[in-house]
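Got a minute to go through this one together? Have a look at the sequence and the fold, then we'll take it question by question.

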Amino acid sequence: MVEDQHVHHRGLDNGRADARRVEQDYVDLLYARLDELRARTSRGLSDALARGGGGGYAARTEREARADENATRLARLSAVENGLCFGRIDLAGGAPQAAETRYIGRIGLRDEDHEPILIDWRAPAARPFYAAAPASPGGLVRRRHLHVRDREVVGLDDEVFDLDGLSEDDRRSLVGEAALLAALSRGRTGRMGDIVATIQAEQDRVIRAALPGALVVQGGPGTGKTVAALHRAAYLLYTHRAVLERRGVLVVGPNPTFLRYIGRVLPSLGETDVVVQTVGQLHPGVAATAEDDDAAAAVKGSLRMAAVLEAAVADRQRVPEEGLAVRADGVDLRVPRETCERLRDRARGLGLPHNRARKLFVNEMLWELARAQDAWLEESLHEAEELLEAAGDTGRSELEDPDARLRTDEDTAYARETLWADAAVRAALDGLWPLLTPERLVGELLSDPGLLASAAAGAAHLPDGPGPAEEEWRALLRPAHAPWTTGDVPLLDEAAELLGTDDSEERARERAERHKREEFERYAQGVLEYTGLYEAGMLDAAGLADRQERGPAGTTAERAAADRTWAYGHVIVDEAQELSEMAWRTVMRRVPAKSLTVVGDLAQTGSAAGARSWQDMLGRYVGGRLHEEHLLVNYRTPAEIMAVAADVLAEIAPDQRVPESVRDGGAPPRAVRVAAEGEAASGAGAEPTGAEGADGIPERLPGLVAEELEQIGEGRLAVITPAARHAEVAALLPEAAAEAGPDALDHPVAVLTPTGSKGLEFDSVVLVDPSGILAASASGGRDLYVAVTRATRRLTVVHEGDLPGMLARLHTGDGTETASAAR
Ligand SMILES: Nc1ncnc2c1ncn2[C@@H]1O[C@H](COP(=O)(O)OP(=O)(O)OP(=O)(O)O)[C@@H](O)[C@H]1O
């Protein structure tokens, strides 16, 4: 509930109670309409289902289409129950326009006479609700936020755009401050929520930016990049439905926990045609979660790997010194080296992927072998003839040419078939030009120093080269069959491009399916015309055929996710600073139109292969179509905690601006010093720790966590530790979820590494061993920055030795605790 002290009094002179009653009446009307539509849709659905499976093909198809349509509508109508309407704008009148009032909500509604009674938040008519600012009210007299719980109006929050009455410094672009603060002060649930009611003007610009081109949104922690990106997905699908419903939208996020964290936002916005994946899932059939060490990640993520893989494929197209020698059917067959080379070069010259060029190579080699076999047979037949002749018995008539071929072309063709069926022949040809899967190519390459050395050397001669130096590629070596890492996935995708598939069977199947589909579309058109669905604009024949083909489970999103070559209509990348050059190459392949939204923070880059500049990463794909927006206000972290983060930022990325916190007045962040392992109670530098001796992390941490939990009540807490100490710390908190667990977000306490905490937020953060985080890698400072900016209310830093210099503020700030005081 919005407390009275939060409500601006300016616009409520007519009495808050009266205003609330007026809004309650209107909200009642909206819910009545919603109930009516739901009842109607649900009747439509049960009618369609009740008629069972009878009737002809046409009737069944029509019923299925109706049932499908009704089910989707019903799901949408149910999803908007909470917060159906959250805003109202009053626009100035003045000739020729009359003054106008609009209500803004999660969906659009019309009354019986088709008059709009509620405007969808994504519609152009809703725009002034978000865009109006004191300096540019955009025709608004007043903006009102409605707080509705269980269909009851529990609070109002008004802003009057009376320019004379407002000072310039009235919160820059911030709008609906009271509503915003109320939204921000709610405890965290472990799932991200939507913010349709309180989208801020700078975020609105991002959400409603044009579809084409690449939009990069750079913003510090908590500036709402993630939440704005997800609302943008919903907005684009609403505004460009025709394009995007068929092609879908792909959202790429950093890790599976994060994907679960944001998973609920899109359905609440009524959008289902969205595929949400980590980089580790971009290649269908692989779900990589393991990570490389920094050295391997840096090499693997570099664009030079494209040349290494190209060379690795060429290395698999081999010609042995002595040519091809194989024994088939008891006969030794040979194809000389020069012939093998000529055929290899010809196959390479086709410019086809390896597995498709292989068909030509294998085919020609089989002819060579068949001819070799022929030659051998000819020779033996001639020999036999000569023997017979010598014995006085001629097999042929005197009239025949003694040098004529004894075997016909048909014989040779037949021999070719027989040779292809011979396992030894196939194995020999596979040795020269094997059929390769991406998994095999990459797996064997990374576990074989010989293959790697050769591919790295080969890359030197390619346009994307030179390849990595020996000390670099050695970092890639690992045991055969090691689990896939996220860094491997772009390599697998690159390999898939280079290898292609041997798709002749698939293409024949596709041809047959296309034929079937064309017939069905013709048929569907007839069905639509007689049902009237066509005139109503609800479906077209292709759409109906689509539904028919995919059945109820096959949404655009599902088909897209399973298809490596799917071309999305738009791609949104979150925590985009973590993607390597190779990962961008994969992402760009998924969106040929290069329509992208990229959100991230260069100051938070943790990956050794991640971005240091957006232009460097993206310029080569989008050129001049790169548009950059900045978000500057932090909605997550209170000012007191952000001051600590600002010191860290000044060390690690002095050129990045610290976002300004909306909230302040939170609990002061604190540092708690504990004894290091083996540190004596009276040891040098130890705080006085009491009679029972030096208490270290094992003794102190559970108590500190319990203390924090008490402070935050229903909220959530994260313990963030260096990766090397994760297991040790998790063992101290058996009730907590360790990050690998699938339901880390459903526990009050989660133990995370800085990487695992990316993009997430918690009411309280207990950061263990900051020096350990700093020392863990070259990007330790950036990881520390990520860790301290996860808290929405409280931050406790637990350290053993001295605090790192960049956290010194925790010593001097108010409320800093010593170990003894914290007990
Ligand atoms: N306009 C808004 N109204 C209400 N809450 C908001 C608004 N903008 C952002 N928030 C909240 O602020 C928090 C931070 O947002 P979000 O996670 O999108 O930030 P981010 O920029 O992605 O942060 P990071 O870079 O740290 O991952 C979320 O809880 C989000 O719901």
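A residue counts as buried here when its relative accessible area is under 20%. Keep in mind that this is a predicted model.

Q: What share of the 823 residues in the protein is buried?
A: The protein has 31 helices and 22 strands. Its accessible surface is about 36800 Å², with 52% of that belonging to carbon and sulfur atoms. Of the 823 residues, the buried share is 50%.

Q: Among contacts between residues at least 6 apart in sequence, what percentage join residues at least 24 apart?
A: Contact means heavy atoms within 4.5 Å. Taking the pairs at least 6 apart in sequence, the part that joins residues at least 24 apart is 74%.

Q: Which side chain of opposite charge is nearest to Arg 232?
A: Arg 232 sits in helix α6, residues 225–239. Beyond its neighbours within four places in sequence, it touches a set of residues including Val 206, Arg 208, Leu 215, His 570 and Thr 597. Arg 232 is buried but has no salt bridge. At 9.5 Å away, the nearest side chain of opposite charge is Glu 629.

Q: Why can Glu 383 count towards a surface patch, and what is its relative accessible area?
A: Glu 383 belongs to helix α13, residues 354–390. Together with Glu 379, Glu 386 and Glu 389, Glu 383 forms a negative surface patch. Patch residues need over 30% relative accessible area and no salt bridge. Glu 383 clears that area cut-off because it is partly exposed, at 45%.

Note on methods
Residues numbered from 1 in each chain as written. Predicted model: local features only at pLDDT ≥ 70, side-chain atom pairs only at ≥ 80, totals over all residues. Heavy atoms only, no water. Patch = residues over 30% accessible without salt bridge, like charges linked within 9 Å, V, L, I, M, F, W, Y side chains within 5 Å. Areas by Shrake-Rupley, 256 points an atom, 1.4 Å probe, with all protein chains shown as cover. Salt bridge = Lys/Arg side-chain N within 4 Å of Asp/Glu carboxyl O. Lys, Arg positive; Asp, Glu negative; His and termini not counted. Charge placed at Lys NZ, Arg CZ, Asp CG, Glu CD. Helix = DSSP H or I, 4+ residues; strand = E, 2+ residues; numbered from the N terminus. Buried < 20%, exposed > 50% of the residue type's maximum accessible area, 1.4 Å probe, protein only.
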